[in-house]
Amino acid sequence: MIMRKDFYLLLLLLMSIVPVKAAYQPQYSVAGFYPLEHTGREVYSMNPAWRFYKGSAPEAYRVDFNDDNWAVVSLPDGIEYLPTEASGCINYQGEVWYRKHFTPDNSLKGKKLFLHFEAIMGKSKVWINGQLINEHFGGFLPVIADITPYVTFEKENVIAVCADNSDDPSYPPGKAQDVLDFTYCGGIYRDCWLIAHNDVYITDPNYENQVAGGGLFVAFDKVSEQTADILLNIQVRNDRKQSFNGRVVYELLDANAEKVGEATHKLSVGKQKAAVVANKIRISDPHLWSPDSPYLYQLHVYVQDNHGNTIDGYKRRIGVRSIEFKGKDGFWLNGKPYDAPLIGANRHQDFAVVGNALSNSMHWRDAKKLRDAGLKVIRNAHYPQDPAFMDACDELGLFVIVNTPGWQFWNEAP
């Protein structure tokens with residue numbers, strides 16, 4: 001008979017001999033990319049410690065406004081806790097205010113500084129140190145502001161945000177909440193980031209606000225089991241007072257971090273201007289993405305000067321694939337008829353109690369549950385959803401139909 005003390009000693013001995021597999025940790029993008037070391041680009045979470053007030057506070061944008069009595073919350077924040085069955089018309093609708101006090105590190109001096117909210121629900125305004133820097137209509141796309149000219153060092157700065165999710169046809173979904181089948185809870189309900197980089201940089205497509213422009217666009221052509229072309233289109237902005245000459249360098253790494261492709265393109269950008277350059281990487285024997293084999297490559301992107309110094313850069317996870325609908329021939333994936341039914345579901349971004357303010361891990365868990373149930377396609381109902389959910393679908397093998405953020409309503413106003 002093994003006594004209790006002997007059992008624990010034996011257990012400890014076995015644990016020291018048998019390697020314990022570490023728990024899997026999902027990867028989440030930040031502000032639309034994955035950080036890459038030694039590129040001059042850094043990302044900081046701005047989620048912790050915001051002062052919060054529910055109601056009207058028209059003077060709260062001022063630096064000298066006293067918010068000592070406001071509640072303290074961290075993002076994502078959904079304003080309130082809701083009943084487990086809160087499908088609509090129960091949540092608060094109206095103005096809310098957030099204020100964040102911060103002192104930037106001196107290492108950020110000389111950097112371009114962008115504030116990136118993944119989403120703020122409704123009609124929103126963002127101030128820093130009393131200056132209005134952005135106004136946004138909508139609750140499902142990023143709100144981004146260049147705060148470089150307004151940040152002061154060696155003293156406290158104040159970010160103020162007003163958000164209003166009252167019924168209003170001027171922002172999607174447009175229809176009043178009591179005639180919808182879902183709830184658009186208010187507040188800053190997704191992550192917020194501070195991005196610091198040099199004054200020559202890869203742009204953000206949401207900030208640039210150009211049709212089919214801005215940032216890094218990746219597409220695929222001539223996809224087969226033998227070869228595939230990765231098409232690359234990138235916009236780089238130069239905020240210097242002199243022109244910039246250099247190059248854009250792409251490195252494609254497989255799942256084992258082995259380089260399997262690369263491309264380089266010369267870059268010339270006039271002062272205070274942006275330039276767009278296109279390139280292509282052809283790979284042989286590609287690992288093609290599919291629901292049953294959701295293989296992801298790592299695409300490293302570098303902006304370098306003529307001396308080979310990296311000025312900016314980041315990485316993107318990409319799945320090489322081609323998708324076609326061929327009428328009566330049905331759905332084709334990677335140049336072949338898809339031999340299984342596309343069974344899927346709709347998915348809303350809410351959860352019991354917390355409303356829309358889900359953590360990244362909760363988004364990932366939803367995707368995992370859907371995939372484990374045998375589903376292979378998800379319709380984002382009825383709006384673009386959190387980047388963490390999209391990252392999970394790429395990683396776990398889910399097709400996604402991304403809806404525009406409306407529900408049987410179109411506003412005639414521009």
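Mentor: Two strands are counted as a pair if DSSP finds at least two bridges between them. Please keep in mind that the model before us is predicted.

Trainee: How many bridges join strand 19 to strand 20?

Mentor: Strands of a sheet pair through backbone hydrogen bonds, in a parallel or an antiparallel sense. Here, three bridges join strand 19 to strand 20 (residues 331-333), and the two run antiparallel. One contact to locate is Ile-323, whose bridge partner in strand 20 is Leu-333. Together with strand 21, these strands make an open, antiparallel sheet in the order 19-20-21. Its edges are strand 19 (323-325) and strand 21 (336-337), each of which pairs on one side only.

Trainee: Is strand 9 buried or exposed?

Mentor: Buried means under 20% relative accessible area. Eight of the eight residues of strand 9 (residues 157-164) are buried, so the strand is largely enclosed by the rest of the structure. Both of its faces are covered: Asn-157, Ile-159, Val-161 and Ala-163 lie buried on one side, and Val-158, Ala-160, Cys-162 and Asp-164 on the other.

Trainee: Which strands pair with strand 9?

Mentor: Strand 4 (residues 95-102) is joined to strand 9 by eight bridges and runs antiparallel to it; within this pairing, His-101 has Val-158 as its bridge partner. Strand 6 (residues 123-128) also pairs with strand 9 in the antiparallel sense, over six bridges, and Ile-128 is partnered there with Ile-159.

Trainee: Let us turn to helices. Which residues of helix 3 are buried?

Mentor: An α-helix has 3.6 residues a turn, so residues three or four places apart point the same way. In helix 3, the buried residues are Asn-360, His-363, Trp-364, Asp-366, Ala-367, Leu-370 and Arg-371. Seen down the helix axis, they fall within an arc of 155°, so they line one face of helix 3. The face turned away from that buried side carries the exposed residues Lys-369 and Asp-372.

Trainee: What span should helix 3 have?

Mentor: At 1.5 Å a residue, the 13 residues of helix 3 (residues 360-372) should span 18 Å, and the end C-alpha atoms are indeed 18 Å apart.

Trainee: Where should one look for unusual backbone geometry?

Mentor: Most residues other than glycine have a negative phi, and most peptide bonds are trans. Ile-79, although not a glycine, has a positive phi of about 75°; it sits in the loop between strand 3 (71-73) and strand 4. Lys-222 likewise is not a glycine and has a positive phi, of about 50°, in the loop between strand 12 (216-221) and strand 13 (227-238). Ile-79 is buried, at 11% relative accessible area, whereas Lys-222 is exposed, at 55%.

Trainee: Which peptide bonds are cis?

Mentor: Among them is the bond joining Pro-172 and Pro-173, with omega about 15°; Pro-173 belongs to the loop between strand 9 and strand 10 (192-197). Another runs from Ala-381 to His-382, with omega near -5°. His-382 lies in the loop between strand 23 (377-380) and helix 4 (387-396).

Trainee: What is the volume of the second largest pocket, and which residues are closest to its centre?

Mentor: Rolling a probe the size of a water molecule over the atoms shows where empty space is left. The second largest pocket has a volume of about 370 Å³. Of its 14 lining residues, the closest to the centre are Pro-169, Ser-170, Tyr-171, Pro-172 and Asn-411. The lining comprises nine nonpolar, five polar and no charged residues.

Methods: Residues numbered from 1 in each chain as written. Predicted model: local features only at pLDDT ≥ 70, side-chain atom pairs only at ≥ 80, totals over all residues. Heavy atoms only, no water. Helix = DSSP H or I, 4+ residues; strand = E, 2+ residues; numbered from the N terminus. 1 Å grid on protein atoms, 1.4 Å probe; cavity = no way out; pocket = protein on both sides within 12 Å on 5 of 7 lines; lining within 4 Å. Points joined across faces, edges and corners; volume = space filled by probe spheres on them. Nonpolar A, V, L, I, M, F, W, Y, C, P; charged D, E, K, R; others polar. Buried < 20%, exposed > 50% of the residue type's maximum accessible area, 1.4 Å probe, protein only. Expected span 1.5 Å × (residues − 1). Arc of directions from axis to C-beta.
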